[in-house]
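The following exercises concern one protein structure and are to be worked through in order. Each task is followed by a solution in steps.

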Amino acid sequence: YPRGKREITGAFTSKFGPKEVYSWFSQRGLEMKVEPDGRVFPVSNRASSVVDLLRMEARNQNVNVFCDVKVKSVEWAQSEERFNVKCDGKGLDKMEQFLGNRVESSLSCDRIVLATGSSTGYNIASSLGHKSIVSVPALFSFKIGCPQLADLAGISVEHAKVKLSFPPDLSLRAFASGLSEAEFKSSLSQRGPLLITKEGISGPAVLRLSSFAAKLLANQNYRAELEISWLGDLSRESTVRFLLSQKDTLKSTAIGKVFPGMSAQLFN
């Protein structure tokens with residue numbers, strides 16, 4: 001992941017990195033497959049396979065999950081050296097029944113993990129004295145002002161290449177997030193499956209690109225020049241040479257059928 005200091009990334013590298021995660025799921029019976037670009041999915045291709053396993057493991061470890069309960073505030077009680085948590089919500093009755101007391105006035109704990117993914121978590125962290133950096137969206141599709149793409153919505157390309165370009169006088173160093181400037185420039189070009197949507201493009205290659213360029217795109221008000229190669233790393237010159245070398249053999253073949261895995265509509 002392109003951002004985060006060692007306090008965060010260290011937990012997912014030296015202590016519990018990709019190998020450990022893969023082993024953890026495998027030992028618990030989840031069959032997985034590794035895609036050519038390194039992504040790992042359950043063989044079932046269903047996210048629910050992962051969710052179901054996590055829920056089962058939580059039950060095995062006596063972890064109690066309460067839904068529909070909202071945390072209103074978290075306070076540190078110095079004299080008790082514990083956190084006091086105030087909650088409400090329609091799931092509160094079930095929680096109180098399980099705990100045997102009034103949660104809103106008495107729920108306390110010695111440790112809290114904030115993983116809310118929303119402004120609520122930032123507000124709670126701030127109330128406890130933590131500082132946070134300004135957040136920006138990441139892992140998003142690209143909206144492109146190109147009417148021709150709308151007619152191609154739903155078409156996917158397995159081995160595409162997408163590249164973002166910005167004004168040459170723009171310094172990239174401030175947005176590199178721990179990468180060298182050369183590494184960051186390289187990250188602004190990504191390869192992999194690409195999906196055309198009604199408003200632009202999406203897919204793994206685009207999502208990875210949006211993650212690396214998140215701060216830079218936000219700084220530029222989400223305006224940038226985008227280059228798409230439907231043939232991945234195959235250059236224009238190599239493509240022309242290939243077509244010329246095959247013109248006699250494939251002279252009666254529609255150009256859309258010359259490249260397996262690509263929709264003929266892309267060539268219309």
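**Exercise 1. Aromatic pairs**

Determine how many aromatic pairs the structure holds, and classify the pairs that F140 forms with F142 and with Y222.

*Solution.* The model is a predicted one.

Step 1. A search of the whole structure gives four aromatic pairs.

Step 2. A pair of aromatic rings is described by two quantities, the distance of the centres and the angle of the planes. For F140 and F142 the centres are 6.0 Å apart and the planes stand at 50 degrees, so this pair is tilted. The reason is that the angle falls neither under 30 degrees, as for stacked rings, nor over 60 degrees, as for edge-to-face rings.

Step 3. For F140 and Y222 the centres are 5.9 Å apart and the planes stand at 75 degrees; the pair is therefore edge-to-face.

Step 4. Next, place the two residues of this second pair. F140 belongs to the loop between α6 (119-127) and β6 (142-143), while Y222 belongs to the loop between α10 (214-219) and β10 (225-229), so the pair ties together parts that are 82 residues apart in sequence.

Step 5. Through such ring pairs, F140, F142 and Y222 are linked into a cluster.

**Exercise 2. Buried or partly exposed**

Decide for F140, Y222, C87 and C146 whether each is buried or partly exposed.

*Solution.* The cut-off needed is that buried means under 20% relative accessible area, and partly exposed means between that value and 50%.

Step 1. F140 has a relative accessible area of 18% and is therefore buried. Its ring partner F142 is also buried.

Step 2. Y222, with 40% relative accessibility, counts as partly exposed.

Step 3. C87 has 2% relative accessibility, so C87 is buried. C146 has 29%, so C146 is partly exposed.

**Exercise 3. Disulfides**

State how many disulfides the structure contains, and examine the surroundings of C87.

*Solution.* A disulfide is a covalent bond between the sulfur atoms of two cysteines.

Step 1. With a cut-off of 2.5 Å between cysteine sulfur atoms, the count is zero disulfides.

Step 2. For C87, the nearest cysteine sulfur is that of C109, at 9.4 Å, and C87 is in no disulfide.

**Exercise 4. The sheet of five strands**

Give the strand order of the sheet of five strands, identify its edge strands and find the helix that packs on it.

*Solution.*

Step 1. The five strands form an open sheet with antiparallel pairing, in the order β6-β9-β8-β7-β10.

Step 2. β6 and β10 are the edge strands, as each pairs on one side only.

Step 3. Within the sheet, β7 (residues 156-165) and β8 (residues 189-196) pair in the antiparallel sense over six bridges. Here V157 stands opposite L194 in β8.

Step 4. Helix α9 (residues 204-212) packs on the sheet and touches β6, β7, β8, β9 (200-202) and β10. The direction of α9 makes about 130 degrees with that of β8.

Step 5. S189 lies in strand β8 and, at 11% relative accessibility, counts as buried. Apart from neighbours within four places in sequence, S189 is in contact with K161, V162, K163 and L209.

**Exercise 5. The sheet of three strands**

Describe the sheet of three strands in the manner of the preceding exercise.

*Solution.*

Step 1. The order is β3-β4-β5; the sheet is open and the pairing antiparallel.

Step 2. β3 (70-77) and β5 (108-109) are at the edges with a single partner strand each, so one side of each is left without a neighbour in the sheet.

Step 3. β4 (residues 82-88) and β5 pair over two bridges, and F83 stands opposite C109 in β5.

Terms used. Residues numbered from 1 in each chain as written. Predicted model: local features only at pLDDT ≥ 70, side-chain atom pairs only at ≥ 80, totals over all residues. Heavy atoms only, no water. Buried < 20%, exposed > 50% of the residue type's maximum accessible area, 1.4 Å probe, protein only. Phe/Tyr/Trp six-rings, centres within 6.5 Å; stacked < 30°, edge-to-face > 60°. Helix = DSSP H or I, 4+ residues; strand = E, 2+ residues; numbered from the N terminus. Pairing = 2+ DSSP bridges. Contact = heavy atoms within 4.5 Å. Axes fitted to C-alpha atoms, helices over the stretch in contact; angles between N-to-C directions.
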